[in-house]
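Q: I am new to this structure and should like a close look at a single part of it. Please describe that part in detail and then place it within the whole.

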Amino acid sequence: MPHSASRADRILRWGAWITAAGLLFTLIACLPLLIPSLELPSALWFLSMLVAVGLIVVFTGLVLGARERRPSR
C-alpha cells in the first residue's frame, strides 16, 4: 500500500522546488559578475527572489505539519 503524502508534506516539497529554482536563477543572475562581457535580462534578478517565496512556502508547510501532529484538545 503506497504511502500518501499529507498536505503539509506536499506544500513542503513544493517550497523546496521553488527554493531550488530560485537558487538556480540566482546563480545565473550572478554570472555577469564573473563574466563581464555577458549580458542577461534584468528579469533574472526578480526571478531570483523565488528563494524567499520558496522559503515562505517551506515554513508554511512546517507549521501545517506541526499542527497536524499536535494532539487535539
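A: A suitable place to begin is Leu 12, which is found in helix α1. The model under discussion is predicted. Leu 12 has a relative accessibility of 25% and therefore counts as partly exposed, since that class lies between the limits of 20% and 50%. Leaving aside residues up to four places away in sequence, Leu 12 touches Val 58, Gly 61 and Leu 62. Val 57 also belongs in this account: 45 residues separate Leu 12 from Val 57 in sequence, yet their C-alpha atoms are 6.7 Å apart in space.

The helix that carries Leu 12 may now be considered. Helix α1 comprises 23 residues, from 7 to 29. At 1.5 Å a residue the helix should span 33 Å, and because its end C-alpha atoms are 33 Å apart, the expected and modelled values agree. Within α1, the residues Ala 8, Gly 15, Thr 19, Gly 22 and Ala 29 are buried. In general, an α-helix has 3.6 residues a turn, so residues three or four places apart point the same way. The partners of the buried residues of α1 are α2 (31-34), α3 (43-47) and α4 (50-69).

Helix α1 also takes part in a surface feature. Leu 24, Ile 28, Leu 31, Leu 33, Leu 34, Ile 35, Leu 40 and Trp 45 make a nonpolar surface patch of about 770 Å². The elements that give two or more residues to this patch are α1 and α2. The greatest contribution comes from α2, with 3 residues. Trp 45, another member of the patch, has its place in helix α3. With a relative accessibility of 44%, Trp 45 falls between the limits of 20% and 50% and so counts as partly exposed.

The protein as a whole gives the setting for these details. The protein has 4 helices and 0 strands, and from the N terminus on its elements run α-α-α-α. Its C-alpha atoms fill a box of roughly 60 × 30 × 15 Å along the principal axes. The radius of gyration is 17 Å, whereas a compact globule of 73 residues would have one near 11 Å. Of the 73 residues, 16% count as buried. The protein exposes about 6000 Å², of which carbon and sulfur atoms supply 71%. Among contacts with a separation of 6 or more, 71% are accounted for by residues 24 or more positions apart.

How values were computed:
Residues are numbered from 1 along each chain as its sequence is written. This is a predicted model: local features need pLDDT of at least 70, side-chain atom pairs count only at pLDDT 80 or more; totals for chains, interfaces and linings use all residues. Side-chain values use heavy atoms; hydrogens and water are left out. The expected span of a helix is 1.5 Å times one less than its number of residues. Buried means under 20% relative accessible area, exposed over 50%, partly exposed in between (1.4 Å probe, protein chains only). Contact means heavy atoms within 4.5 Å. Patches are made of residues with over 30% relative accessible area and no salt bridge: like charges are joined within 9 Å, nonpolar side chains (Val, Leu, Ile, Met, Phe, Trp, Tyr) within 5 Å. Accessible areas come from the Shrake-Rupley method with a 1.4 Å probe; for residues, only the protein chains shown count as cover. A salt bridge is a side-chain nitrogen of Lys or Arg within 4 Å of a carboxyl oxygen of Asp or Glu. The radius of gyration is taken over C-alpha atoms; the globule rule is 2.2 Å times the number of residues to the power 0.38.
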